[in-house]
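Below is a short briefing on the open and enclosed spaces, the nonpolar cores and the cysteines of one protein model. The model is predicted.

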Amino acid sequence: MSQDTLSADVVIAGAGICGGLMALELTRAGLSVILLDAGPRYDRDQIVQNWRYMPPENKAAFDYATPYPSVDWAPHTNFFPDNGYLKTTGPDAAAYKQGIIKGVGGTTWHWAASSWRYLPSDFEMQSRYGVGRDFALSYDDLEPYYYKAEVEMGVMGPNGQEITPSAPRAQPWPMTSMPYGYGDRRFSEVVAPLGYDNTPVPQGRNSQPYDGRPQCCGNNNCMPICPIGAMYNGIYSVEKAEALGARVIENAVVYRIDTDAKNAITAFHFYDPDKNSTKVTAKRFVIAANGIETPKLLLVAANDRNPNGIANSSDQVGRNMMDHPGIAMSFVAQEPVWAGQGSVQMSSITNFRDGDWRGEHSAIQIGYNNTAQTTKGGMKALATGKVGRALDEEIRRRAACGVDIYVNHETLADPENRLTLSGTRKDSLGIPMPDVHYDVGEYVRRAAVSSREHLRKIAAAFGGTEIEMSDHFTPNNHICGGTIMGHNPADSVVDSWCRSHDHENLFLATGGAMAAAGTVNATLTMAALSLRAATAIREDLAAG
């Protein structure tokens, strides 16, 4: 086994959105940065081709993983035949079968680009409602970094439109939202008499040319890949940082973390696919992998001074795993709705994001899925046995009238929802794979009773037939909590700056730091926390 050594001011493990934004911010400040990612670099054209030629059964089932082939040294979750990499157990095991990508740019290669801010109350669940945990910082502390992330990503939002509840803003969104397609317009019209406000989703995609990227042209396959690059993903920040001098090393699997007598981090070690090892030294160290891979790495890297894992004196690494457990419904409307014009997620019912009832049950978000129904409708039409003109008419009817809607629920931090290392399953480098035990809890189950009623009410308003509703909670890939933040080192992993309580020069810039899940996609909050952590690193190194 060879052992080379590299060095920089800052080394970052994880080249997704959080790592990419941090690398860009730090290189702009004149710092030297090495950015490591366990997976390969992806080629947009190849991913588009992979998606184009994927079997229709996969497309109809919303398989967004198959276009991104998993590699033996950095396996990620698969869609068929099962999750493959992440083993889940517990009462709601199906609700944590997350979809992640390992590769430069990270899972934002195939996200829907929903870029919500959390509400001020989401940061204060314990102090306001007596449940869950508070963040170690306030909304006001994070607001400038939310805007910074929105500018870097190119987020469009409903400028000039009043939305309640809405997070306070010091400045408008960098771009104004695109108009709804027919499906979102019609959905809004039908649900309005029921008392539902269907409002625009802030999105990390261009409603006009922005930052060298084109305007969205409504290809409608944002998941799994935006073919023209109008949608932001982490690769853009990585490439900008690289142009400013950051060194990006793909297929670099961090497996060991060295500490000194004061428990400061002194080195990361990574394997290449052939298990050759390289040591990287730095002044500041960052783990910016997703909320599964970050706690996994900290547990894998346990050493003599930290026998329970790096940054884990609190025994909270891998605990408090959260997501937004969902309930999905599909039906055939009496009238054409024509999903598929524009991006895949353009609108959302936000009436139930906040209220005093959050002390009793979770808040929810209700969404209309604007993904085109052509493949799904076509597969269902074929199953009817029709042929010829009758089949053609049936395909057209289902493509026009098919509707998918969903409810996402907030979860509370629960230490028993826990990621651990498998004792039997390992990758090609001998690194254990992750196991997660998951139970959404009664807080979510109480809300789900009314969530199902909301879905039935909406289906009835459309005259829906062939109604199908999931009988279990589904995952949403909004991974929070595994390296939870807090003021007390005894019950948390990082502070408000994402700095490890145990290691003064280690930052965990990841959604794992989030102390509450809220109701909406977590990506923008992860990005804002990472930019705030970059500020702390800059100030550390400026002070010598």
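Helix α9 supplies three residues to the lining of the second largest pocket, the largest share of that lining. The pocket itself holds about 210 Å³ of space. The points below cover this pocket, the enclosed cavities, the nonpolar cores, two cysteines and one loop residue of the predicted model.

**Second largest pocket**

- The pocket of about 210 Å³ is lined by 14 residues, and those closest to its centre are W51, N220, T371, A372 and T375.
- Two elements, α3 (56-60) and α9 (374-383), each give two or more residues to this lining.
- Sorted by class, the pocket lining consists of six nonpolar, six polar and two charged residues.

**Cavities**

- Three cavities of 30 Å³ or more turn up when the whole structure is searched.
- The largest cavity has a volume of about 130 Å³, and of the 14 residues lining this cavity, W116, S166, A167, W173 and P202 are the closest to its centre.
- Eight nonpolar, two polar and four charged residues make up the lining of the largest cavity.
- The second largest cavity encloses about 100 Å³.
- Residues lining the second largest cavity include S330, F331 and V332, then Q373, K376, G377 and K380, and also R398, G402, V403, E466 and E468.
- At least two lining residues of the second largest cavity come from each of β11 (326-332), α9, β14 (402-409) and β17 (465-469).
- In the lining of the second largest cavity, five residues are charged, four are polar and three are nonpolar.
- Helix α9 thus appears in two linings: that of the second largest pocket and that of the second largest cavity.

**Nonpolar cores**

- The largest nonpolar core contains 160 residues, and I12, F268 and L506 have the most contacts inside this core.
- Helix α12 (residues 523-542) contributes eleven residues, the largest share of the core.
- Leaving aside residues up to four places away in sequence, I12 touches G19, M22, A23, L26, V33, I34, L35, L36, V286 and A288.
- Another core, of five residues, lies apart from the largest one, and its members include V253, Y255, Y271 and I431.

**Cysteines**

- How many disulfides does the model contain? The count is zero.
- C18 is in no disulfide, and the nearest cysteine sulfur, in C498, is 8.5 Å away.
- Seen from the other side, the closest cysteine sulfur to that of C498 is in C18, and because the separation is 8.5 Å, the two are too far apart for a bond; the cut-off for a disulfide is 2.5 Å between the sulfur atoms.
- Are these two cysteines buried or exposed? C18 is buried, at a relative accessible area of 4%, and C498 also counts as buried, at 0% relative accessibility.

**Loop residue L244**

- L244 is located in the loop that runs between α7 (234-243) and β7 (247-249).
- With residues up to four places away in sequence not counted, L244 touches L24, T27 and R28.
- L244 and G463 are 219 residues apart along the chain, and 56 Å separates their C-alpha atoms.

Note on methods: Residues numbered from 1 in each chain as written. Predicted model: local features only at pLDDT ≥ 70, side-chain atom pairs only at ≥ 80, totals over all residues. Heavy atoms only, no water. 1 Å grid on protein atoms, 1.4 Å probe; cavity = no way out; pocket = protein on both sides within 12 Å on 5 of 7 lines; lining within 4 Å. Points joined across faces, edges and corners; volume = space filled by probe spheres on them. Helix = DSSP H or I, 4+ residues; strand = E, 2+ residues; numbered from the N terminus. Nonpolar A, V, L, I, M, F, W, Y, C, P; charged D, E, K, R; others polar. Core = buried A, V, L, I, M, F, W, Y, C linked by side-chain atoms within 4.5 Å. Buried < 20%, exposed > 50% of the residue type's maximum accessible area, 1.4 Å probe, protein only. Contact = heavy atoms within 4.5 Å.
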